[in-house]
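This report is meant for someone meeting the structure for the first time. Please keep the sequence and the model in view while reading.

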Amino acid sequence: MDLVQQIIARAKSNKQCIVLPEAEEERTLKAADMVLRDDIADLILIGNPDKVHAMAKEFGLQHIDKATLIDPENCEKSEEYAQLLAELRKKKGMTIEQARELVKNPLYLGCMIIKTEGADGQISGALSTTGDTLRPALQIIKTAPGITCVSGAMLLITQAHQYGEDGILVMGDVAVTPMPDENQLAQIAVCTAQTAKSVAGFADPRVAMLSFSTKGSATHEVVDKVIAATKIAKEMAPELKIDGELQADAALVPKVGEKKAPGSEIAGHANVLVAPCLEVGNIAYKLIERIGGAVALGPILQGIARPVNDLSRGCSVDDIYKMVAITACQAMDAKK
């Protein structure tokens, strides 16, 4: 069973309720039909019921009736959600009138459903920007305890089975925070290790804090940041197996790790890679994907109290289908 099949199996084993607020979008609706057909998750679809049903008929979708369909313009809990949203945002000056308009926005409505425990996670982005996806999540659901920054992890499934976890690596941050400070970088490390557990199924995440230096081979303020972040991450999660600063080859290749970082339990054995900044992480995963032939799954947003994931506007039906399973696995973990 490959990693994707394992993720789907975990999602099926403990079904979560996921909101798809872009239900009037063709790829999203087709993916929803597949999810419901395969019994991967319970779904709440947000959209005009007449339009959604007409689209389902047009595309020959046979399982959409299994979903809960909510009309954002005529939701029976709209006033309840508006009152709560106004209370949540009153320090920012939000009026009840503004809140009533916002809860008609499917992205805000979905987050309000999650906030009131009517669902476990949300996925959007086939139509919306990353900013539009994150804004209601951060305003309503907020970040997880002890976390102040959101980041994005990528699952990299490679044919290099001698590295990582039988060729599988988890890398962060590849999507959100451009220049994390040492505290944010530590949070990214802890969150990426958690994603490795909850989504990739790693029983033993081994985190390498990447740099152009290994254990003092170079000196620079950006190296100092990685060293400081490693220390903070150890304080945040004392049980976490983590080491840094490590160059990529020292993190992955046993012989190089033994030579450059003797005595390290991570060097040469890392399965979670934490880039020092977004620029490095994003470039690195795309090179691994395009030149190395890896399958890249994600980005998986992390650090939010309940999972809210962002799709590329160029995503496929299959991308959305897989992201539902990934979000369900995150939702299970968030309840622990």
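How many bridges join β5 to strand β10, and in which sense do the two run? In this predicted model, six bridges join β5 to strand β10 (residues 295-302), and the two strands run antiparallel. Within that pairing, Leu 156 has Ala 296 of β10 as its bridge partner. Strand β5 is also joined to β6 (residues 168-172), here by five bridges and again in the antiparallel sense, with Met 154 standing opposite Met 171 of β6.

Strand β5 itself, which spans residues 151-157, is mostly covered, since seven of its seven residues are buried. Ser 151, Ala 153, Leu 155 and Ile 157 point one way from the strand, while Gly 152, Met 154 and Leu 156 point the other way, and all of these residues are buried. In a regular strand, side chains alternate between the two faces of the sheet.

Elsewhere, five strands form an open sheet with parallel pairing, in the order β3-β2-β1-β4-β11. Because β3 (68-70) and β11 (308-310) stand at the edges with a single partner strand each, one side of each is left without a neighbour in the sheet. From one strand to the next, the twist averages 20°. At the β11 edge, strand β4 (residues 121-124) pairs with β11 over three bridges in the parallel sense, and Ile 123 is found opposite Asn 309 of β11.

Helices accompany this sheet. Helix α7 (residues 130-141) packs on the sheet and touches β4 and β11, whereas helix α2 (residues 26-38) lies across β1 (17-20) and β2 (42-46). The table lists the angles for these helices and for one pair of helices.

| Element | Set against | Angle |
|---|---|---|
| α2 (residues 26-38) | β2 (42-46) | about 160° |
| α7 (residues 130-141) | β11 | about 170° |
| α4 (residues 78-88) | α6 (residues 106-115) | roughly 90° |

The last row concerns two helices whose axes come within 11 Å and cross at roughly 90°; α4 and α6 are therefore roughly perpendicular to each other. On the α4 side, the contact is made by Tyr 81, Leu 84, Leu 85 and Leu 88, and on the α6 side by Tyr 108, Leu 109, Met 112, Ile 113 and Lys 115. Sorted by class, the contact of α4 with α6 has eight nonpolar residues, no polar residues and one charged residue.

How values were computed
Residues numbered from 1 in each chain as written. Predicted model: local features only at pLDDT ≥ 70, side-chain atom pairs only at ≥ 80, totals over all residues. Heavy atoms only, no water. Pairing = 2+ DSSP bridges. Helix = DSSP H or I, 4+ residues; strand = E, 2+ residues; numbered from the N terminus. Axes fitted to C-alpha atoms, helices over the stretch in contact; angles between N-to-C directions. Contact = heavy atoms within 4.5 Å. Parallel < 35°, antiparallel > 145°, perpendicular 65-115°, else oblique. Nonpolar A, V, L, I, M, F, W, Y, C, P; charged D, E, K, R; others polar. Buried < 20%, exposed > 50% of the residue type's maximum accessible area, 1.4 Å probe, protein only.
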